[in-house]
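Me: I'd like to go through this one step by step, with you asking me to explain as we go. Could we look at it together?

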Amino acid sequence: MAPLMGMLEAETLRNEVRLWLETNWDPTSSLIEWRTKLAESGWGMPTWPSQWFGKDLPLALNPIVEEEFARINAVSVSRSGIRLLAAATILEHGNDAQKSQYLRRILTGEDTWCQLFSEPGSGSDLAGAITRADFDGTQWIINGQKVWTTSAHHADYGLLLARTDWEAPKHDGLSYFVIDMHQSGVSVHPLKQMNGHASFNQVFFTDAVVAPESLVDRIGNGWKVAMTTLMHERRSADALRSVHRDRGLQGRIYDEERDETATVMEPYKWYPQRAGRVDLVFERAIETGKIEDPVVRQAIAELMIKARTAEWTARRARAAQQQGRPQGPEGSLGKLAASNVARHASKVHTMISGSDSMLGDEDGPLAGLIAEILISVPATSIAGGTDEIQRNIIAERVLGMPKEPRMDTGPFRDVMKNPGPAAP
Amino acid sequence: MQFTFNEEQDQLRATAQKFFADKSPTAEVRRLMETQQGYDPVVWTQLSSELGFTATHIPEVYGGLGLSYTELGILFEEMGRTLFCAPFLATAVAATAIMNVATESEKSQLLPDIATGTRIATLAVFETSGQWGSDSIKLSAKNARLNGTKRYVLDGHIADLVIVVARINHASGADTIGFFLVDGDAPGLTRRTVTTIDSTRKLTQLEFVDVSARRLGGNHDQEAKLAATLDLAAIGLANEMVGGAQHLVDETVKYAAERIQFGRAIGSFQAIKHKCADMLLDVEMAKSAAYYASMAAASSDPELPVLANLAKASASEAYMRIAAECLQIHGGIGFTWDNDTHLWFKRAKSSEVFFGDPSYHKEQLIARWHH
C-alpha cells in the first residue's frame, strides 16, 4: 500500500504545483514581484515550515516541485551567495522576530548577506576568533577584523561570530550576531590575491554596533550556530554549480536574474583555473608537440590516473550513499584528492608550455589562461580547509588515530594567540 | 555502470575473508614461503573443490560458475590482504588465456579440470629480456615444436599445464604470435625455480628444447588476444595489490596507536597522522581504479585496455608507497625479519613490476589514448 500512497501523493503534489505555476508564472514580471509571490505562497522553499514561507513538504518530494519549475523555466527564489546559509541558520537558531525581519527579503534577493567568521589570526582554527563584542548596557560594540569575506562590499547584513566571554574556554566564549553592514563602524576593503583577482574582502570593525535583538540564539552559543552555517555551506557549494547555468532565455525576469547571477559569480570566475584545468592538458600536449616527449607522457598519464581515480572515488561514495550504506572513508578524501590533482596539473601545464609558462595575459599561452592556472592552483590546498587540516580530520575521524595533546584549553584569555589586527 | 558491490558480492567477500584469515595467517605464509612447492595442496583442494574459487570466471558450460571479473577481483583482493600462497593468479590467468584464444572443443577439454582445481595451469609469456610487451617474445614455434626460454613464469614448477606464447616465423618472412599448450612434464622442458625477493610468490624459468606442443585456437595471429589476456591479468593483480595495501594501512594505524615515544602514542603526532591519511588516500584511489577496471571487464567496456593500464599503475605506486611508509612508521622493528612488514613490502615490490611497472603502463596508457 505504501508505495501506492506515495505515488498518489506525488501526483497530487505535481498537479498542485503545475496549477499554481499556470496561474501565477509570468516571465514579464520583475524578479522581486515574482519572488514575493513565491515567498508568500510557500512554493519558493516548500520544504520550509508553512509558518515561515514554506509548505512543510518532506525533503523527498521536493524534486517534484523542482521538476515542475524546470519544465517551464520558472525562476526560483534567490539562492545565490550566502543568502541560503543565512536563511538556514536563522530558520534553525533565530527567534520569530528575526525570522519575520530577514527571511522574506533573503528569498526575494532584496538583501545581500556575507559571512564574517575567518580572521587574520584564526584561519584553520576558526574558534580562535578574537573579534570582540562588548555589551555597553544598551547595545553590543564590535571591534576587530574579519577576512576572506565574499560579497562584503555589497552586503546589507553580515553573519558575525564574535567573542563575548574571554574567561570561558575557546569554543564557549563566542556569540553569533546579525550585523547591519551599512554603518560607519564597518569598513570593507578588497583583498587582492596573488593572481591579481580580488574575490574577497577584509572587514574592519571600529566600535560598530549591533542591537541586542540581533543576537542569534543565546550568548556563548555562537560556535554551535556557526556549525549550522558551515554545514549548509558545504551543501550549497554543490547546489550553486547547478543553479547558475545561463539558459539563454528571453524576458524581463530572465535578464534581471542574469544580472544577479553575474554579480554573484564574478568573484568565482577563476575557480576552474585553481582546480588545474585537467581538461586542457591533452589538447595542449598535442598542439605543442609535447605529446611525443616521453617524460611529458609519463606526467600526463600520472595526471589522468590522479584525476580519474578521484572521480571514481567520489562516485563510489555517492553510490554507497544512494544505496543507503554508510559512507566509507572515500567520502572524506575528495578534497585532498582535488589538491593533488590541481598541483600535478599545474606541473604538467608547465612541462607542456615550457618557457612560455613565464608569460601571462596576451603574451602567454591561451591568452593568459595557463598563467592563471599556474598562479591560482595554490588556493586549492588552502581554501575551505587546508590539506593539513584535512589530513588531521581523516586521521582522527576516519582512521580513529589518537588526538594531538591540546594547548588551548582553559580560559581563552590565557591561550596563546596571534597579535590583534592592525588599524585599517 | 553501478559503482558498487551487490549483496551476493558482499557475501562472497565475507566468505573469502573468513577463509583466507583462517587458512593464511602469517605463520602459515612464513611456513609455505620456505617450501619448494610454495602452497598447501590440502588448502588448494578446499579452495577449489569446496568453495569453487578456481571456477569463478569460467563459464558454466565449461564447468565453471560463470561469474564475472568483479567476483574474481574480490577474491584477488582478499588473497592479497593475507598474502595467501597458492597458484591462484597463475591458474586464473591461464584460464583467461584459454577462454580468450581456444576453440570450443579445446575449452571443453581444458577448462573443467582448471575449474575444479585438479589441474594447475600457468601462462608463459615473458622472457629473459625482462620486457612486458609482445615485441620481446623470441621463443620460437616451428612445426609445433618449441625452442627457447621463458622467465618470470608464475608457479611453473608445479603447473600441470603450461600455456606458452611463442613467435612463429613464416616462410614468407612474416612472423606472428601464437598460443601453445604444453604439459608441465613434457620431454625437453626443464623447469627451475628462480630466487625471488618475494618468496611468497614462486617464479620459474622454463627452458624449451624441441618440446612438442599443441597450438590453441587455430592458426591466425593471436597478438591482440595476448594483449587482451595481459590486460585482464593486470586488472587481477591490481585487485590483489589493493588488498595487500589495505592490510598495511590497517597495521600501520594499529601500530601507531600502540607505540609510545616521548610519553605519547606516535599516532598522535601529525607527522605520523598525515602519512597515514595519505596512505588511506592512496589505497582508496587505487581501489577505485581496480574496482572500476574489474567492473569494466565484467561489462566488456571498450575502454578496458586503458583502464587496465590505469589500475595497474595506480595499484603499483600505491602499494609500494604504502609499504615503504608502513615500514618507516614501524621504525627499527620494521626492518627486522621477525616483524611481518617485510613480507608485504616484498610482495609490493614484486607486484610493482610484474606484468609491467608503472612507467610501462603509463606509456601504454598514453599510446592507447592518443590513437
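Me: Which domains does the assignment give for chain B?
Reply: One thing up front: this is a predicted model. The domain assignment splits chain B into three stretches, and they are domain 1 (7-115), domain 2 (121-215) and domain 3 (223-370).

Me: How far apart do the C-alpha centres of domain 1 and domain 2 of chain B lie?
Reply: Let's take the two domains as touching partners to begin with: 18 residues of domain 1 of chain B are in contact with 14 residues of domain 2 of chain B. Between their C-alpha centres, the distance is 22 Å.

Me: Which element gives the largest share of the side of domain 1 of chain B that touches domain 2 of chain B?
Reply: Two elements of chain B give two or more residues to that side of domain 1, helix H2 (26-33) and helix H5 (88-101). By class, that side has 14 nonpolar, four polar and no charged residues. The largest share is nine residues, and it comes from H5(B).

Me: Why does the radius of gyration of chain B agree with a compact globule?
Reply: The C-alpha atoms of chain B fill a box of roughly 75 × 45 × 40 Å along the principal axes. For 371 residues, a compact globule would have a radius of gyration near 21 Å, so chain B agrees because its own value is 21 Å.

Me: What percentage of the residues of chain B count as buried?
Reply: Start with how the chain is built: chain B has 11 helices and 10 strands. Then look at its contacts with a separation of 6 or more, where residues 24 or more positions apart account for 75%. Out of the 371 residues of chain B, the buried share is 54%.

Me: Which element of chain B gives the most to the side that touches chain A?
Reply: The contact takes 31 residues from chain B and 35 residues from chain A. On the chain B side, the elements giving two or more residues are helix H7 (223-258), strand E10 (264-265), helix H8 (270-298), helix H9 (304-330) and helix H11 (358-370). By class, that side has 16 nonpolar, 10 polar and five charged residues. With 12 residues, the top giver is H8(B).

Me: How many residues of helix H4 of chain A are buried?
Reply: H4(A) covers residues 83-93 and is mostly covered. Among its buried residues are A:Arg83, A:Leu84 and A:Ile90. Of the 11 residues in this helix, the buried ones number nine.

Me: What ipTM does the model score?
Reply: Chain B averages a pLDDT of 97, and 99% of the residues score at least 70. The model has a pTM of 0.91, and its ipTM is 0.94.

Notes:
Residues numbered from 1 in each chain as written. Chains lettered and ligands numbered in written order. Predicted model: local features only at pLDDT ≥ 70, side-chain atom pairs only at ≥ 80, totals over all residues. Domains from an automatic or database assignment. Contact = placed C-beta atoms within 7 Å. Helix = DSSP H or I, 4+ residues; strand = E, 2+ residues; numbered from the N terminus. Nonpolar A, V, L, I, M, F, W, Y, C, P; charged D, E, K, R; others polar. Rg over C-alpha atoms; globule rule 2.2 N^0.38 Å. Buried ≥ 20, exposed ≤ 12 C-beta atoms within 10 Å, placed from the backbone. pLDDT = per-residue confidence, 0-100.
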